[in-house]
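Visitor: I have not seen this structure before. Please take me through it and give reasons for the terms you use.

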Amino acid sequence: MSGDDPDEYSATVLGSHWFEGPARDGEPDRVEGEVLRFGPGVTPATRHRMAGGPTTAQIWHGGPPQPPPRRRRTLRRYALPGAVLLAVLAFLAWQRLGPEVAVRGVSVAAPARPPGCDGTADVVALLETDGRPGTVTYRWERSDGTRSGLLRERLARHQTQARLHLLWTFHGPGEHRATARLVVVSPTRHSAETRFTYRCEPV
């Protein structure tokens with residue numbers, strides 16, 4: 001290379017028939033088309049390390065995306081069925097162990113026939129529930145100023161109604177306008193009342 005800088009390098013395009021000599025370092029130079037690549041070539045050890053591996057460009061740019069680990073793929077596969085199963089179990093547990101009975105309505109009916117002299121009035125309250133099992137706590141209040149203690153009614157599963165009775169006995173002659181009131185204390189507070197008249201006329 002006369003007149004050129006000896007440090008400069010240029011590739012030479014040559015025909016493959018120019019290279020018939022023995023290879024150096026045990027490996028022949030590689031010829032791809034008409035471009036000669038100088039150097040000792042790829043050794044068997046280097047070829048073994050590179051077999052199936054990423055290219056230089058792939059290494060430079062971070063390589064191809066690696067598949068997720070087997071454990072992560074397994075978790076993804078079973079995530080949806082597991083979530084569905086947990087939802088079903090939670091619903092069943094909520095039905096069995098969730099909130100107790102809920103009172104949806106209360107009504108009180110006066111006796112069909114008002115009590116006569118020294119008679120007893122049967123006042124009936126109707127509880128309407130959501131059918132869950134549980135206990136309803138309630139009390140009766142009367143217009144004469146008396147009230148019962150706290151009473152409890154146990155409801156079974158799927159029982160949507162319960163009838164509660166108040167037996168109110170009257171004595172003596174006269175007329176009395178009576179009011180009976182049912183107060184539900186728990187699980188939620190409700191109340192209802194009814195009125196009737198007691199009459200007793202001596203003969």
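Strands, rings and buried residues

Guide: S5 and S6 pair in the antiparallel sense, over five bridges. The model is a predicted one.

Visitor: What makes S5 and S6 a pair?

Guide: Two strands pair if there are at least two bridges between them. S5 and S6 have five bridges, so they meet that condition. One of the bridges joins Val136 to Glu153 in S6.

Visitor: Which sheet do these strands belong to, and in what order do its strands stand?

Guide: The sheet is open and has four strands in the order S6-S5-S8-S9, with antiparallel pairing. Neighbouring strands in this sheet are turned against each other by 25° on average, with direction ignored.

Visitor: Why are S6 and S9 said to stand at the edges?

Guide: Strand S6 (151-155) and S9 each have a single partner strand, so each has one side without a neighbour in the sheet.

Visitor: How do you know whether Thr137 is buried or exposed?

Guide: Thr137 is in strand S5. Its relative accessibility is 9%, and buried means under 20%, so Thr137 counts as buried. Leaving aside neighbours within four places in sequence, Thr137 is in contact with Leu150, Leu151, Arg152, Val183, Val184, Val185 and Ser186.

Visitor: What joins strand S4 to S3 and to S7?

Guide: Strand S3 (residues 103-109) and strand S4 (residues 120-129) run antiparallel and are joined by six bridges. Ala109 stands opposite Val124 in S4. S4 also pairs with strand S7 (residues 161-169), in the antiparallel sense, over nine bridges. Leu126 has Arg163 in S7 as its bridge partner. Both counts, six and nine, satisfy the requirement of at least two bridges.

Visitor: How many aromatic pairs does a search of the whole structure find?

Guide: The search finds four. One of them is formed by Trp168 and Phe196, with 5.9 Å centre to centre and 90° between the planes.

Visitor: Why is the pair of Trp168 and Phe196 called edge-to-face?

Guide: Rings pair if their centres lie within 6.5 Å, and planes over 60 degrees apart count as edge-to-face. The values for Trp168 and Phe196 are 5.9 Å and 90°, so both conditions are met. Trp168 lies in strand S7 and Phe196 in strand S9 (residues 190-200), so the pair ties together parts that are 28 residues apart in sequence. Trp168 is buried at 2% relative accessibility, and Phe196 is buried at 8%.

Visitor: What makes the pair of Phe170 and Tyr198 stacked?

Guide: Planes under 30 degrees apart count as stacked. The planes of Phe170 and Tyr198 are at 15°, with the ring centres 4.8 Å apart, so this pair is stacked. The pair links distant parts of the chain: Phe170 is in the loop between S7 and strand S8 (174-186), and Tyr198 is in strand S9, 28 residues apart. Phe170 counts as buried at 6% relative accessibility, as does Tyr198 at 3%. Trp168, Phe170, Phe196 and Tyr198 form one aromatic cluster.

Visitor: Where is Gly131 found, and why is it called buried?

Guide: Gly131 is in the loop between S4 and strand S5 (134-142). Gly131 has a relative accessible area of 10%; the limit for buried is under 20%, so Gly131 is buried. Not counting residues up to four places away in sequence, Gly131 touches Ala156, Arg157, His158, Gln159 and Thr160. The C-alpha atoms of Gly131 and Glu100 are separated by 9.4 Å, and these residues are 31 residues apart along the chain.

Methods:
Residues are numbered from 1 along each chain as its sequence is written. This is a predicted model: local features need pLDDT of at least 70, side-chain atom pairs count only at pLDDT 80 or more; totals for chains, interfaces and linings use all residues. Side-chain values use heavy atoms; hydrogens and water are left out. Helices (H or I, at least four residues) and strands (E, at least two) are DSSP runs, numbered from the N terminus. Rings of Phe, Tyr and Trp (its six-membered ring) pair if their centres lie within 6.5 Å; planes under 30 degrees apart count as stacked, over 60 as edge-to-face and the rest as tilted. Buried means under 20% relative accessible area, exposed over 50%, partly exposed in between (1.4 Å probe, protein chains only). Contact means heavy atoms within 4.5 Å. Axes are lines fitted to C-alpha atoms, for helices over the stretch in contact, and angles run from 0 to 180 degrees between N-to-C directions.
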